Amino acid sequence: MNPAMPRLRHRRGWVSAAEADGWLAQLQQEVPWKQEHITVYGRRHAMPRLTCWMADPGCGYRYSGLENSIEPWTPLTASIRRRVAAAAARDFNSLLLNLYRDGRDAMGWHADDEAELDPEAPIASLSLGATRTLRFRPRQRDTAPSVAVELANGDLLLMDPPTQQHWQHGLPRRLKVDTPRLNLTFRVVRPPA
Ligand SMILES: O=C(O)CCC(=O)C(=O)O
């Protein structure tokens with residue numbers, strides 16, 4: 001790979017706006033959303049988004065130092081998983097859902113490179129709702145320009161390896177946005193040895 005660019009496959013309008021709107025409404029209602037907290041320099045902060053971890057049994061995962069409890073797949077997330085697997089030509093065993101209630105909710109810089117994740121597998125990210133910008137920057141700062149990807153309702157973004165090794169990504173606040181965005185990232189967790 002040329003580490004000067006993240007390896008991304010952006011499928012704009014991968015699902016129709018009508019279908020994406022229906023999924024957004026249903027998932028907002030049926031997912032058991034959690035408000036997680038993180039402690040930074042001894043102070044506890046509410047994360048600026050709601051989250052939920054769905055996975056096959058045994059596919060637990062620590063994220064931002066938090067042990068996520070595993071929720072079972074719903075009929076809808078299981079069916080989206082099958083469609084995403086067909087698009088990516090590989091199966092996924094876990095899903096992190098993030099609900100950004102409006103443009104004040106965000107995600108800081110990070111790479112999805114936790115030890116539990118299979119580094120050979122892509123990460124498939126489906127966006128529903130408000131358009132937001134996902135930014136990428138090289139982990140070795142200033143070795144390449146940053147990259148901005150506008151993710152709109154129904155877009156699928158495949159992040160192929162070794163993107164996570166060389167790049168961080170983050171979703172900045174966008175204060176003019178007053179509608180929700182829901183992002184589903186499908187992942188492959190390696191079962192414990
Ligand atoms: O909301 C997004 O598009 C990014 C989500 C993300 O970075 C993650 O789940 O690790």
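**Figure 1. Polar contacts between the ligand and protein side chains in a predicted model.** In the side chain of T185, an N or O atom lies 3.4 Å from an oxygen atom of the ligand. H169 also approaches the ligand: a polar atom of the H169 side chain is 3.0 Å from a ligand oxygen atom. For R187, a polar side-chain atom is likewise placed 3.0 Å from an oxygen atom of the ligand. How much of the ligand's accessible area does the protein cover? On its own the ligand has 290 Å² of accessible area, and the protein covers 99% of this area.

**Figure 2. The cavity that holds the ligand and the elements around it.** The largest cavity is the space taken by the ligand. Three elements each give two or more residues to the shell around the ligand, namely β7 (94-100), β8 (107-110) and β14 (181-187). Which of the elements gives the most to this shell? With four residues, β14 makes that contribution.

**Figure 3. The residues of the shell around the ligand.** The residues around the ligand are L96, N98, Y100, M107, H110, D112, L134, H169, R181, N183, T185 and R187. Sorted by class, the shell consists of four nonpolar, five polar and three charged residues.

**Figure 4. The fold of the whole protein.** The secondary structure of the protein comprises three helices and 14 strands. The radius of gyration is 16 Å, close to the 16 Å given by the globule rule for 193 residues, so the protein is as compact as a globular protein of that length. The C-alpha trace of the protein spans about 45 × 40 × 40 Å along its principal axes.

**Figure 5. A cis peptide bond in the loop before α3.** The peptide bond that runs from P161 to P162 is cis, and its omega is near 5°. P162 has its place in the loop that lies between β12 (156-159) and α3 (163-166).

**Figure 6. A positive phi angle at Y41.** Although Y41 is not a glycine, this residue has a positive phi of about 50°. Where in the protein is Y41 found? Y41 belongs to the loop between β2 (37-40) and β3 (43-46).

Note on methods: Residues are numbered from 1 along each chain as its sequence is written. This is a predicted model: local features need pLDDT of at least 70, side-chain atom pairs count only at pLDDT 80 or more; totals for chains, interfaces and linings use all residues. Side-chain values use heavy atoms; hydrogens and water are left out. A residue is near a molecule or strand if one of its heavy atoms lies within 4 Å of it. A polar contact is a pair of N or O atoms within 3.5 Å; within protein, one must be able to donate a hydrogen and the other to accept it, and residues adjacent in sequence count only if both atoms are side-chain atoms. Accessible areas come from the Shrake-Rupley method with a 1.4 Å probe; for residues, only the protein chains shown count as cover. On a 1 Å grid over the protein atoms alone, a cavity is a set of points where a 1.4 Å probe fits but cannot get out, and a pocket is an open set with protein on both sides within 12 Å along at least five of seven lines; lining residues have an atom within 4 Å of a point. A molecule sits in a cavity or pocket if more than half of its atoms lie within 2 Å of its grid points. Ala, Val, Leu, Ile, Met, Phe, Trp, Tyr, Cys and Pro count as nonpolar, Asp, Glu, Lys and Arg as charged, and the others, Gly among them, as polar. The radius of gyration is taken over C-alpha atoms; the globule rule is 2.2 Å times the number of residues to the power 0.38.
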